[in-house]
Amino acid sequence: MADVQPASAAVAVPEARRRLNPTLARYLSAFRTPKGMTGLAILLLLGLAALLAPVLFPGGYDRQGRASLTGMSADHIFGVDEYGRDIFVRSIYGLRIDLSLILTAVPLCMVIGTLLGLSGAISERLGAAVQRVLDVILGFPGLILGICLVAVLRPGWPALFLTILITGLPSTGRLARSAWLSQQNREYVLAARVLGVSRRQLLLRHVLPNAMDAIVVNGAVWMVVGVYIEAGLSIVGLGVQPPTPSLGVLLNNGLRFITQSSTYIVGPALLILLLAVGFGLVSDALNEAVNRR
């Protein structure tokens, strides 16, 4: 009898794990695919470099040297800028700005957009009014919206944060509202209402789980969009202001000195490309994982 009990327990553990959280397990399965592993590896490498930048480069991003606008070399793999500052060091510090924007604005956008999209569960008039507001936001491209925000605020991190946040609300809100509209007349939802299940429980148990797959994939896609919004606004001088570096600011500076140093923009552009590729691969992997459900 003593030998039988551990064996049955050993069989029960994997089954309990499989039943633990199928939604989370489905998302994690995306990172066992080649796309998911490659994208995650790129993002982890970039994130680790950005996190450890003060340790790796204790001299900071504003340390100047004697030479200026020199090309790539063994000592400065991305070259140096007009003030003799190492472009590679500034690019790594610039990653901190870009990642801080994307990893805060996009998740918050997903939460707020989902709440706005599900507002129709409280009142159909409220839901319709919210959708009209989201339609107005959708009519503004990210660059135009950023210019309007900068006109009210001033160029910098808050303006970039709000631009990424507000620009992503329509897509998330529409996905959440679509899930509510498609589920509210289903038989099991009508049966739950007859049994007296509250709207809060309906949203949490039925509507939201059916919307989460699309919202998560959409969030990964918007992280790619956020990279380009930061770069686009910074290139026209509406992003983070010098001497604080971001990848878009470095591109802006590099374009002004492209004739003196043709390799100035190579490093920042490469990191922007790697960020976009990393988030793009993760979004593709998540999309394939949820479609295999």
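Helices are DSSP runs of H or I with at least four residues, numbered from the N terminus. With that in hand, Pro243 can be placed in the loop between helix H10 (199–235) and helix H11 (247–256). The model described here is a predicted one, and this loop holds one of its local features: a cis peptide bond joins Pro242 and Pro243, with omega at about 10°. Most peptide bonds are trans, and most residues other than glycine have a negative phi. A positive phi is found at Leu69, where the value is near 55°. Leu69 sits in the loop between helix H4 (53–56) and H5.

It helps to step back to the whole chain. The chain contains 12 helices and zero strands, and its pattern along the sequence reads α-α-α-α-α-α-α-α-α-α-α-α. Along the principal axes, the C-alpha atoms fill a box of roughly 75 × 65 × 25 Å. Of the 293 residues in the chain, 44% are buried. Among contacts between residues at least 6 apart in sequence, 71% join residues at least 24 apart.

Confidence varies along the chain. The mean pLDDT is 85, and 92% of the residues reach 70 or more. Among the elements, helix H3 (residues 34–51) has the highest mean pLDDT, at 95, and helix H1 (residues 4–20) the lowest, at 47. Two stretches deserve a cautious reading. Over residues 1–5 the pLDDT stays under 50, and the model has zero contacts there beyond four places in sequence. Residues 7–17 likewise have pLDDT below 50, with zero contacts in the model beyond near neighbours in sequence.

The UniProt record, an unreviewed entry, offers a way to divide the chain. Its "transmembrane region" annotation lists residues 36–57, 99–121, 133–153, 159–176, 215–241 and 261–283. In the model, residues 36–57 are 91% helix and 0% strand, with end C-alpha atoms 30 Å apart. For residues 215–241, the helix content is 78% and the strand content 0%, and the end C-alpha atoms lie 33 Å apart. The unreviewed entry also carries the annotation "domain: ABC transmembrane type-1", which covers residues 95–283. That span is 79% helix and 0% strand, and its end C-alpha atoms lie 20 Å apart.

One helix pair can be followed in detail. Two packed helices are described by the angle between their axes and the distance between the axes. For helix H5 (residues 87–117) and helix H12 (residues 266–291), the angle is about 35° and the axes are 10 Å apart. The crossing of H5 past H12 is right-handed. On the H5 side, the contact is made by Ile87, Ser91, Ile92, Leu95, Asp98, Leu99, Ile102 and Leu103, while H12 contributes Gly267, Pro268, Leu271, Leu275 and Phe279. These residues divide into 10 nonpolar, two polar and one charged.

Helix H5 also holds Arg90. Arg90 counts as buried because its relative accessible area is 1%, under the 20% limit. Apart from neighbours within four places in sequence, Arg90 is in contact with Tyr61, Asp62, Asp81, Arg85, Pro243, Pro245 and Leu250. This list brings the text back to the cis peptide bond, since Pro243 is joined to Pro242 by that bond.

Further residues illustrate other surroundings. Thr163 lies in helix H8 (residues 157–183) and is buried, with a relative accessible area of 0%. Leaving aside neighbours within four places in sequence, the contacts of Thr163 are Gly142, Leu145, Gly146, Leu149, Ile229 and Leu233. Val217, in helix H10, is buried as well, with a relative accessible area of 12%. Beyond four places in sequence, Val217 is in contact with Ser283, Leu286, Asn287 and Val290. Val217 and Gly232 are 15 residues apart along the chain, and their C-alpha atoms are separated by 23 Å.

Ser198, in contrast, is partly exposed, with a relative accessible area of 33%. Ser198 is placed in the loop between helix H9 (187–194) and H10. From Ser198 to Phe140 the separation is 58 residues in sequence and 37 Å in space, C-alpha to C-alpha.

Key:
Residues numbered from 1 in each chain as written. Predicted model: local features only at pLDDT ≥ 70, side-chain atom pairs only at ≥ 80, totals over all residues. Heavy atoms only, no water. Axes fitted to C-alpha atoms, helices over the stretch in contact; angles between N-to-C directions. Helix = DSSP H or I, 4+ residues; strand = E, 2+ residues; numbered from the N terminus. Left-handed = near helix turned anticlockwise from the far one by under 90°. Contact = heavy atoms within 4.5 Å. Nonpolar A, V, L, I, M, F, W, Y, C, P; charged D, E, K, R; others polar. UniProt positions renumbered as here; feature names shortened; annotations may be inferred. Buried < 20%, exposed > 50% of the residue type's maximum accessible area, 1.4 Å probe, protein only. pLDDT = per-residue confidence, 0-100.
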